[in-house]
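The following exercises are to be worked with the sequence and the model at hand. Each task is followed by a solution in steps.

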Amino acid sequence: MPSAIEVALRRVTPALILCCACASAEPVVTTTAARPGRADARVVAYVTSWSAPVRIDTRIVTHVNFAFATIDDRGRVTLAAGAPATRLRELVAVRDRAPTVRVLASVGGWGAEGFSDAALDEPSRARFAASVVDLVRDYRLDGVDLDWEYPGQDVAGIKARPEDRTNFTRLLADVRAALDAESRRVQREPYLLTIATADREYFDHVDMDRLHPYVDWINVMAYDFYNSLTSTTGHHAGLRRAATAPATDRWGEAAIEQHLAAGVPPRKLVLGVAFYGRRFEEVAAANEGLNQPYGRYGGEHAYGELVERYVGRAGYVRHWDEVAGAPWLWNASTRSFITYDDPESIRRKARFAGALGGVMFWELSQDSADAALLEAVKAGLAEAAAATPAARVR
């Protein structure tokens, strides 16, 4: 029996192949040319206020999500003065020289407080929505991305209420209405409204079937499946379930299928991939450290750092899981395990996501100096555009 993904994707028709290329340093625009993959495939790059300046390759990147705006104690969206405001203005300046790129401010992030209070009642939602319009207007943005982690859950140490479930949908409806009214007022294309989502428990606290009509697309965070809170190692961003994984395993395709089952159209789903890895120490040696208990969590590493210091170096050997479509590093002498995405896994994910709404990644500055992961996104989307719909789900 075909999966929900296969059923949904059989309705997708191939598009023309559109390609290009580039690298990384400070916010600079490159020549705008053809897009990777389908003409409407999105490549959504998160860029932070605290990372080193990065070059935006506008021949590949279609949308930039600036992280992060926050919510103040009055329930209004705000952006800190200084570096965050300066960086956002730099990104908008890139957009001004590359009219096919769109810049959004992402509100929230892990541990960001304020959403539950802002969504609580009609006056608080109106205040929040008005502040979103103010932010868009003040910084000349193309929209906002709401990254509430997570409605109805206090796992990140934030306030959560059972009412978050229905209030989240109401908040999105009010923000959508406010943005649409502002776009009509200034006579421009509609402002964008997107959200970042997770899988499994996330769906227990939101009404996905009711909220998705209010957003332009959904950035599915298909990573961090294994981290400092999990009891074993594993692929933190695997596309499919590893053969050795426990029943509690999470993987990207399952996260997408959960969204599709809730009625979200494929074109509204953007698959999140990781430009970083996670390290575990004192790992049991069986299975080269994969899906094994560990003694302590070792931290996060940008892909660029992994290439320079770990992959094939200092005793770290790369292994490939064909079932999960994911690599890992294992150091037998130190019993150190690193789960990450590399060009091979990201190219495979981009082929898969080419039949959806595209690819999102956290975050641009973590790529290698030669932009190997961004190039892999481009290549995978181009391959997806050339494939038949049936081939894309394999």
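A residue is called buried under 20% relative accessible area, exposed over 50%, and partly exposed in between (1.4 Å probe, protein chains only). The model is predicted: local features need pLDDT of at least 70, side-chain atom pairs count only at pLDDT 80 or more, and totals for chains, interfaces and linings use all residues. Residues are numbered from 1 along each chain as its sequence is written, and side-chain values use heavy atoms, with hydrogens and water left out.

**Exercise 1.** Determine which parts of the chain the salt bridge of E344 and R318 ties together.

*Solution.* Step 1: a salt bridge is a side-chain nitrogen of Lys or Arg within 4 Å of a carboxyl oxygen of Asp or Glu. E344 and R318 satisfy this with an N to O distance of 2.8 Å.
Step 2: E344 lies in helix α9 (residues 343-353) and R318 in strand β11 (residues 317-321), so the pair ties together parts that are 26 residues apart in sequence. Here helices (H or I, at least four residues) and strands (E, at least two) are DSSP runs, numbered from the N terminus.
Step 3: E344 is partly exposed at 37% relative accessibility, and R318 is partly exposed at 33%.

**Exercise 2.** Establish how R137 and D134 are placed in helix α4.

*Solution.* Step 1: the side chains of R137 and D134 form a salt bridge of 3.2 Å, N to O.
Step 2: both belong to helix α4 (residues 122-139); because they are three residues apart there, about one helical turn separates them.
Step 3: R137 has a relative accessible area of 39% and is partly exposed; D134, at 26%, is also partly exposed.

**Exercise 3.** Describe the lining of the largest pocket.

*Solution.* Step 1: on a 1 Å grid over the protein atoms alone, a pocket is an open set of points where a 1.4 Å probe fits, with protein on both sides within 12 Å along at least five of seven lines; lining residues have an atom within 4 Å of a point.
Step 2: the largest pocket holds about 1000 Å³ of space. Of its 34 lining residues, W110, Y150, Y223, D224 and N227 are the closest to its centre.
Step 3: the lining comprises 16 nonpolar residues (Ala, Val, Leu, Ile, Met, Phe, Trp, Tyr, Cys and Pro), 10 charged (Asp, Glu, Lys and Arg) and eight polar (the others, Gly among them).
Step 4: W110 is located in the loop between β4 (102-108) and α3 (115-118).

How values were computed: Points joined across faces, edges and corners; volume = space filled by probe spheres on them.
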